[in-house]
Amino acid sequence: MDVVAGGRRTTLGPACFVARGGEASVYARDGVAWKIYADAARTPPEAKLAALRALAAPGVVAPIHTVHSPTGERVGLTLPLLDGWSPLVRLFPPAFQKREGIDVDAVVALVDRLRHLVHLAHAGGAVVGDLNEVNVLVRPDWADLALIDVDSWAIAGFPATALAESVRDRHAARPSMETDWFAFAVLAFQLLVGVHPYRGRHPTARTLDARMQQDLAVFHPDVVVPPMVDLARLPPGWRGWFEDVLLRRHRGPPPSDPGAPVSRAAQTATGVTSETLRTHDGPVLGLAASPEGLWTWTADATFLAGRRMGPAPPAGAVPLVDGPPVWLLRDGEHVEAVDLEGQRRPTGVAVRELVSDGSRVLALCGGTLARLRVRHVGGDRVVVAVPLATIQPACTVLFRGCAVTAGPHGTWLHRATAAGVEQVRVRALDDAVVVDAHSGERATVVVARRPSGLVRLVVADGTVTEAATDDPTAILVELPGVLLVQDGGTLHLRDARTPHAPGRSVQAALPPGVVAHAGRPTAAEGPAVLTFSLRGPHDA
């Protein structure tokens with residue numbers, strides 16, 4: 001496709017493709033993002049684009065040039081390119097924050113940054129309107145935010161042109177600066193707590209829409225709150241403001257001082273019985289199951305089956321458990337390996353991204369999806385990258401045990417297996433943004449956001465099943481004969497022989513970071529390592 005912007009002609013081919021949204025596709029070329037509308041008539045008027053350009057500031061991704069076809073038709077616009085930035089919704093799952101080392105202080109700082117960006121838009125005379133979880137991007141180090149899709153904002157007499165149901169104020173006829181603060185409260189709550197503020201069970205208001213219409217947020221005494229919801233995560237200086245906005249229809253910014261953040265309390269699983277395997281001297285930071293046994297690590301040491309095996313992993317390290325653990329540290333695109341004796345050595349592996357599910361580590365190495373393995377070479381243990389598949393790096397995202405490519409010709413799931421990789425075309429994800437995913441050997445659980453809300457998909461044996469959900473976290477535990485799929489406060493049990501069938505369910509919530517060990521779900525809570533047994537199963 002040939003286009004013209006700023007007096008320069010450019011070709012946008014499949015290799016430049018980055019993402020597709022509801023009304024446009026985005027390409028990256030020459031350090032610039034190119035937004036091309038499926039319907040050229042949707043290109044904003046020049047007067048609106050001129051007003052939006054005046055808002056350009058760090059954190060506000062305003063238009064640069066109008067894009068024309070070779071015949072002069074207005075077909076899109078160019079924007080600053082935010083390479084490697086992720087949708088805010090990826091940070092909602094508490095398990096993701098824990099894996100990435102994003103503590104409560106960092107989350108509060110992001111919420112405060114979002115507050116500043118909304119103020120900035122309002123000061124420029126704009127209404128954001130569609131302040132939703134995919135129109136805010138997070139920098140790769142998770143330390144800054146930016147607002148995108150500003151062409152949908154209301155400004156200079158032009159109305160807002162989009163509004164997601166997840167943040168729509170049910171008590172307002174149209175977007176306004178006041179409704180922006182409602183949407184801000186919804187996003188901020190999900191960043192801090194991990195779930196939508198109107199999630200929960202109510203005896204009569206059975207849908208999210210009904211609870212939003214009736215102001216039945218999780219603070220309401222008649223709402224049964226999911227067991228993993230930890231309201232202590234809300235900064236004390238903002239708790240009353242959240243209640244005013246979400247319960248009492250107040251519309252306005254939060255106090256400037258959130259107060260001291262509160263650390264996440266350990267969550268005890270419900271609907272299951274637990275047994276303590278062992279207790280460490282300090283909080284368990286991570287665990288991984290391997291043929292040698294269960295590896296755990298704290299801030300002081302690394303353990304195998306409770307025996308101290310070496311020092312603690314370096315801060316920010318990714319565990320590779322392929323035999324005795326090797327800790328992987330990134331310095332830009334270069335990876336360094338640290339063994340259990342604390343010795344460091346370069347690996348020679350260059351990566352764009354690394355993700356571990358505890359035992360397996362996947363990496364994006366240029367245009368290749370690879371699995372990092374440990375090989376014995378001349379008596380040394382060496383980290384190597386084993387190629388799995390050729391991918392389009394600009395539109396591929398890594399998750400635990402898998403990668404998702406949302407390319408120009410549809411969405412593909414790449415699931416790492418013992419034999420290599422299984423690649424599945426998932427048409428159900430073509431109109432969605434993947435929030436989280438978790439793959440095992442036999443199945444993949446995907447949580448994705450569509451314009452209508454979140455959905456949870458289970459991909460197994462070439463079959464895709466899906467259901468609406470309010471929980472942004474993908475948790476899969478593969479046990480002998482059964483697959484456990486967590487959905488909020490419900491744990492679904494699927495027969496491993498027919499994983500596409502719905503199976504049975506129990507009211508249970510396993511902690512984040514749960515793994516399969518010795519045929520049972522195993523997780524850490526504080527200093528304790530626990531194994532769980534289900535109780536009280538019933539037909540779903």
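Which helix and which strand each supply at least two residues of the lining of the largest cavity? They are α2 (94–100) and β24 (396–399). The model is predicted, and this briefing covers its cavity, its salt bridges, one helix and its cysteines. The count comes to one cavity of 30 Å³ or more, 35 salt bridges and zero disulfides.

**Cavity**

- The largest cavity has a volume of about 40 Å³.
- Its lining consists of Arg90, Phe96, Arg99, Glu100, Val355, Leu398, Phe399 and Arg400.
- With three residues, α2 gives the most to this lining.
- By residue class, the lining divides into four nonpolar, no polar and four charged residues.

**Salt bridge at the cavity lining**

- Arg400, one of the lining residues, also forms a salt bridge with Asp436, and the closest N and O atoms of this pair are 3.0 Å apart.
- Arg400 lies in the loop between β24 and β25 (402–407), while Asp436 lies in strand β28 (residues 433–439), so the bridge ties together parts that are 36 residues apart in sequence.
- Both ends of the bridge are buried: Arg400 has a relative accessible area of 8%, and Asp436 has 2% relative accessibility.

**Other salt bridges**

- Glu243 pairs with Arg239 in a salt bridge whose closest N and O atoms are 2.8 Å apart.
- Glu243 and Arg239 both belong to helix α6 (residues 236–248), where they sit four residues apart, about one turn of the helix.
- Glu243 counts as buried because its relative accessibility of 18% is under the 20% cut-off.
- Arg239, with a relative accessible area of 32%, is partly exposed.
- A further salt bridge joins the side chains of Asp430 and Arg425, at 2.9 Å from N to O.
- Both of these residues count as partly exposed, Asp430 at 29% relative accessibility and Arg425 at 22%.
- Arg113, Arg139, Asp141 and Asp144 are joined into one network by salt bridges that share partners.

**Helix α4**

- Helix α4 (residues 177–193) has 17 residues.
- From its first C-alpha to its last, α4 reaches 24 Å, close to the 24 Å expected at 1.5 Å a residue.
- The helix is mostly covered, with 15 of its 17 residues buried.
- Gly194, just after α4, takes a positive phi of about 100°.

**Cysteines**

- Why does Cys365 form no disulfide with Cys402? The sulfur of Cys402 is the closest cysteine sulfur to that of Cys365, but at 16 Å the two are too far apart for a bond, since a disulfide needs sulfur atoms within 2.5 Å.
- Cys402 is in no disulfide either, and the nearest cysteine sulfur to its own, that of Cys395, is 15 Å away.
- Cys365 counts as buried at 18% relative accessibility, and Cys402 is buried with a relative accessible area of 0%.

Technical notes: Residues numbered from 1 in each chain as written. Predicted model: local features only at pLDDT ≥ 70, side-chain atom pairs only at ≥ 80, totals over all residues. Heavy atoms only, no water. Buried < 20%, exposed > 50% of the residue type's maximum accessible area, 1.4 Å probe, protein only. Expected span 1.5 Å × (residues − 1). 1 Å grid on protein atoms, 1.4 Å probe; cavity = no way out; pocket = protein on both sides within 12 Å on 5 of 7 lines; lining within 4 Å. Points joined across faces, edges and corners; volume = space filled by probe spheres on them. Nonpolar A, V, L, I, M, F, W, Y, C, P; charged D, E, K, R; others polar. Salt bridge = Lys/Arg side-chain N within 4 Å of Asp/Glu carboxyl O.
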